[in-house]
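Colleague: Got a minute to go through this one with me? I'd like to talk pockets, cavities and helix packing.

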Amino acid sequence: MNPGNFHTKLSLLLVSSLTVMSGATIAPALPAMQAHFEGVEGLWIRLVLTMPALLIVLAAPVAGVIVDLWGRKYLLIPSIILYGIAGSSGLYLDSLILILAGRALLGVAVAGVMTSATTLIADYYLGTERARFMGWQAAFMSLGGVIFLIGGGMLAELGWRWPFVIYLFSLVILPLIIISLSEPHTTNKFEDAGSKQAEVNGEHYRLLSFICFSALIGMILFYFVPLQIPFYLEMLFDTGPTASGMAIAVSTLFGVFTSLSYGRIRGVIGYIPILGLNFGLMGGGFIIVSLADSYGYVISGLAMCGLGMGLMFPNLNVWLASDMPVAKRGRAIGWLTTAVFLGQFLSPVVSQPLVQAYGLQVMFFSAGIVLILFSATIVIIRKKINTYTAF
């Protein structure tokens with residue numbers, strides 16, 4: 001196996017795109033689902049979007065143990081198969097409870113896919129090449145999100161079931177994955193200067209905790225976009241699913257630009273300043289969205305938010321992969337995956353009470369203020385944060 005091989009890189013990027021499909025693809029169909037299941041509390045409809053995240057939270061640490069003990073590809077292949085079967089279940093199930101069960105199984109599959117794929121990337125590539133490829137990974141996820149979100153919006157015009165067709169894409173790429181990826185020999189040749197220690201110590205745990213906390217906060221607030229933007233646009237401008245899907249896709253599209261630039265940005269500034277920039281851009285974008293009086297202003301705010309979000313995944317993944325011992329890398333990435341999707345699952349729990357009490361505009365404005373304050377805080381206190389890596 002040659003990590004520089006085109007088919008290897010393409011396979012890793014295609015697999016990574018599956019994670020962004022897990023939730024937001026069906027976001028434009030939520031209003032139609034609400035109408036179909038008339039009388040059902042709105043929170044339950046939103047949980048269809050975020051249910052996979054709950055199971056990812058529970059399954060990702062287990063997935064991390066499996067990839068460290070038994071192998072990366074051992075988990076990846078069955079996870080992709082389950083992804084296609086469970087993800088498409090909304091096509092033929094007419095019970096909201098059964099649809100939620102299918103979404104739960106999809107979450108188990110995503111936990112396996114995301115943990116094994118990201119660990120493979122960390123195994124295959126080192127140093128600046130790793131930073132560059134993880135930037136490509138995040139960019140490909142964002143670009144895939146644009147395609148899948150717009151496609152989901154267009155399919156939602158035909159009916160709320162049709163966006164579930166997109167999940168069958170995993171079965172289409174399965175033969176390529178089987179052929180082009182092989183199990184790495186995770187010996188010292190895969191280790192770099194930051195990950196040579198064999199055991200996790202207190203500094204590693206502090207680093208892991210800080211990274212996971214940052215991912216949790218970022219995802220709780222960023223997921224307001226696919227979760228609430230369709231309802232926000234419908235309220236303000238009476239838009240349909242296609243317009244909602246395109247608006248959400250803008251945030252992921254603009255994330256492509258910063259993700260592709262991550263390797264160069266990382267060469268100039270450290271992890272903490274990048275994290276501060278990440279949250280600052282997101283916060284500014286949310287404030288613009290909250291004050292917008294036209295569809296165009298909402299789009300500009302979402303674009304700014306996307307620029308910030310495009311930095312988060314490559315920054316946290318590279319940071320963690322570089323500084324954790326290779327023998328524990330899968331577990332660490334599993335916990336990061338848990339933090340990311342716990343944030344997705346908690347997002348409606350956090351946002352919906354705010355929406356019901358104060359409205360969508362206040363919710364977006366409050367999220368923007370929180371993000372900007374968090375950005376300023378972590379940059380100001382960065383020298384006091386005791387972690388294993390240099391900032």
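Modeller: Sure, and keep in mind that this is a predicted model. The lining of the largest pocket splits by class into 3 nonpolar, 5 polar and 3 charged residues.

Colleague: Which residues lie nearest the centre of that largest pocket?

Modeller: The pocket holds about 190 Å³ of space. Its lining is made of 11 residues. Those nearest the centre are G127, T128, A131, R266 and V318.

Colleague: And which element gives the most to the lining of the largest pocket?

Modeller: Three helices each supply at least two lining residues: α6, α11 (262-268) and α13. With 4 residues, the top contributor is α6.

Colleague: Moving on to enclosed space, how many charged residues are in the lining of the second largest cavity?

Modeller: The structure has 3 cavities of 30 Å³ or more, and the second largest holds about 70 Å³. It is lined by 13 residues, with M114, T118, Q137, M141 and N317 nearest its centre. Helices α1 (6-24), α5, α6 (127-156) and α13 (295-323) each give two or more residues to that lining. By class there are 8 nonpolar and 5 polar residues, and the charged count is none.

Colleague: How do α5 and α14 pack: parallel, antiparallel, perpendicular or oblique?

Modeller: Helix α5 covers residues 96-124 and α14 covers 329-358; their axes are 9 Å apart, at an angle of about 135°. Angles over 145 degrees would count as roughly antiparallel, and 65 to 115 as roughly perpendicular, so this pair falls in the remaining class. That makes α5, relative to α14, oblique.

Colleague: Is that crossing left-handed or right-handed, and which residues make the contact?

Modeller: The crossing of α5 and α14 is right-handed. On the α14 side, the contact is made by R329, G330, I333, G334, T337 and F341. The contact residues of the two helices divide into 5 nonpolar, 6 polar and 2 charged. From α5, the contact residues are V110, M114, T115, T118, T119, A122 and D123.

Colleague: One last thing: how far apart in space are L216 and G343, C-alpha to C-alpha?

Modeller: L216 sits in helix α8, residues 202-222. Leaving aside neighbours within four places in sequence, L216 is in contact with A339, L342, G343 and L346. Although L216 and G343 are 127 residues apart in sequence, their C-alpha separation in space is 4.7 Å.

Conventions
Residues numbered from 1 in each chain as written. Predicted model: local features only at pLDDT ≥ 70, side-chain atom pairs only at ≥ 80, totals over all residues. Heavy atoms only, no water. Axes fitted to C-alpha atoms, helices over the stretch in contact; angles between N-to-C directions. Parallel < 35°, antiparallel > 145°, perpendicular 65-115°, else oblique. Left-handed = near helix turned anticlockwise from the far one by under 90°. Contact = heavy atoms within 4.5 Å. Nonpolar A, V, L, I, M, F, W, Y, C, P; charged D, E, K, R; others polar. 1 Å grid on protein atoms, 1.4 Å probe; cavity = no way out; pocket = protein on both sides within 12 Å on 5 of 7 lines; lining within 4 Å. Points joined across faces, edges and corners; volume = space filled by probe spheres on them.
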